[in-house]
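Grab a coffee and open the viewer: here are some exercises to work through with the structure on screen. Try each task yourself before reading the solution.

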Amino acid sequence: MKKTPLFFRIVGAVLLCAVAAVSLMHPMYTRGECLDLIALGQLGKPYVLGNFGPDSYDCSGLVLDACGCFGVELVHSAQFIGYDDSYASVEDLRDLRPGDLIFFDTVSDKDRCDHVGLWLGMNRFVHASSSEMVVMISEFDEKWQGCYSWGKRILEPYEQGFANEFSDAAQAYVRTWIEKLLPDGNGEAA
């Protein structure tokens, strides 16, 4: 495998830090988009029922962990989150925004809310899939449309003091990418 020269890895890391610093001072993303970024940082991690990170997740655990970066405490249950009336419901798919939670009825029973994911937009969502056993992005295709129940808006798009609220999560996300760009102790890219 061809290595990226150290110079380019350092320049990439500096540029990433600069973009992150600017976005913390003047957010370029909505809170929902940042919520999605946190969840997307978990892609490829294994699905384990009952887990909420950092090494593995179930569907509500992924949502619980991402929302926790914003100080939002949720119950570790797709059903409880889905039926919680303290958050605005989004009935129409056209009204979904990035970062909205979307709920599904994947089991044949009276409960219409047994799976949850985070809406990304562009007809896609991120979730911890029990069938694929991994955190992944799925297309909102006929299969998912057929079992869609509703959405919930946990975070409003912008809020005073947002930059400080997101700084710890943003810094952790940036650190992860810097570790991927910079060489480890053996001179290899991490």
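**Exercise 1. Find the residue that stands opposite Val90, then work out how the strands are ordered in the sheet.**

Start with the pair itself: Val90 stands opposite Gly151 in β6. Keep in mind that this is a predicted model.

Next, look at the strands around that pair. β1 and β6 run antiparallel and are joined by 3 bridges. Now go to β2, which is also antiparallel to β6, with 4 bridges joining them. Here Ile102 stands opposite Gly151 in β6.

Then move along to β3 (residues 115-121) and β4 (residues 124-129), an antiparallel pair with 3 bridges. Trp119 stands opposite Phe125 in β4.

Put together, you get an open sheet of 6 strands in the order β1-β6-β2-β3-β4-β5, with antiparallel pairing. β1 (88-90) and β5 (134-139) are the edge strands, each pairing on one side only. On average, neighbouring strands here are turned by 35 degrees against each other, direction ignored.

**Exercise 2. Decide whether Arg153 is buried or exposed, and list what it touches.**

First place the residue: Arg153 sits in strand β6. That strand (residues 148-153) is mostly covered, with 6 of its 6 residues buried.

Now check the number. Arg153 has 13% relative accessibility, and buried means under 20%, so Arg153 counts as buried.

Finally, look for partners. The side chain of Arg153 makes a polar contact with the side chain of Asp100, at 2.7 Å. Skipping residues up to four places away in sequence, Arg153 touches Tyr87, Ala88, Val90, Asp95, Leu96, Arg97 and Asp100.

**Exercise 3. Work out how α2 and α3 lie on the sheet, and how enclosed α3 is.**

Take α2 (residues 31-40) to begin with: this helix lies across β3, β4 and β5 and runs at about 115 degrees to β3. Helix α3 (residues 59-68) lies across β2 (101-104), β3, β4 and β5, running at about 55 degrees to β3.

Now for burial. In α3, 8 of the 10 residues are buried, so the helix is largely enclosed by the rest of the structure. The buried ones are Cys59, Ser60, Gly61, Leu62, Val63, Leu64, Ala66 and Cys67. They pack against α2, α4, β2, β3, β4 and β5.

For a spot check on α2, pick Leu37, which lies in that helix. Its relative accessible area is 26%, so Leu37 is partly exposed. The C-alpha atoms of Leu37 and Ala66 are separated by 8.8 Å, although the two residues are 29 apart along the chain.

**Exercise 4. Track down the largest nonpolar core and say which element supplies the largest share of it.**

A bit of background helps: in soluble globular proteins, nonpolar side chains tend to be buried together.

Step one is the count: the largest nonpolar core here has 30 residues. Val63, Val72, Leu74, Leu101 and Ile154 have the most contacts inside this core.

Step two is who contributes. At least two core residues come from each of α2, α3, α4 (78-82), β2, β3 and β4. The largest share, 6 residues, comes from α3.

Step three is to zoom in on one member. Leaving aside neighbours within four places in sequence, Val63 is in contact with Leu74, Ile81, Leu101, Val116 and Leu118.

Don't stop there, though: a second, separate core of 10 residues includes Leu96, Trp144, Cys147 and Tyr148.

**Exercise 5. Hunt for unusual backbone geometry in the loops, starting with the peptide bond from Gly53 to Pro54.**

What's the usual expectation? Most residues other than glycine have a negative phi, and most peptide bonds are trans.

Begin with the bond: from Gly53 to Pro54 it is cis, with omega near 0 degrees. Pro54 sits in the loop between α2 and α3.

Now look at phi. Met122 has a positive value near 50 degrees, and its place is in the loop between β3 and β4. With 72% relative accessibility, Met122 counts as exposed.

Met133 also has a positive phi, near 60 degrees. Met133 is in the loop between β4 and β5, and at 46% relative accessibility it counts as partly exposed.

Technical notes:
Residues are numbered from 1 along each chain as its sequence is written. This is a predicted model: local features need pLDDT of at least 70, side-chain atom pairs count only at pLDDT 80 or more; totals for chains, interfaces and linings use all residues. Side-chain values use heavy atoms; hydrogens and water are left out. Two strands pair if DSSP finds at least two bridges between them. Axes are lines fitted to C-alpha atoms, for helices over the stretch in contact, and angles run from 0 to 180 degrees between N-to-C directions. Contact means heavy atoms within 4.5 Å. A nonpolar core is a set of buried Ala, Val, Leu, Ile, Met, Phe, Trp, Tyr and Cys residues joined through side-chain atoms within 4.5 Å. Buried means under 20% relative accessible area, exposed over 50%, partly exposed in between (1.4 Å probe, protein chains only). A polar contact is a pair of N or O atoms within 3.5 Å; within protein, one must be able to donate a hydrogen and the other to accept it, and residues adjacent in sequence count only if both atoms are side-chain atoms.
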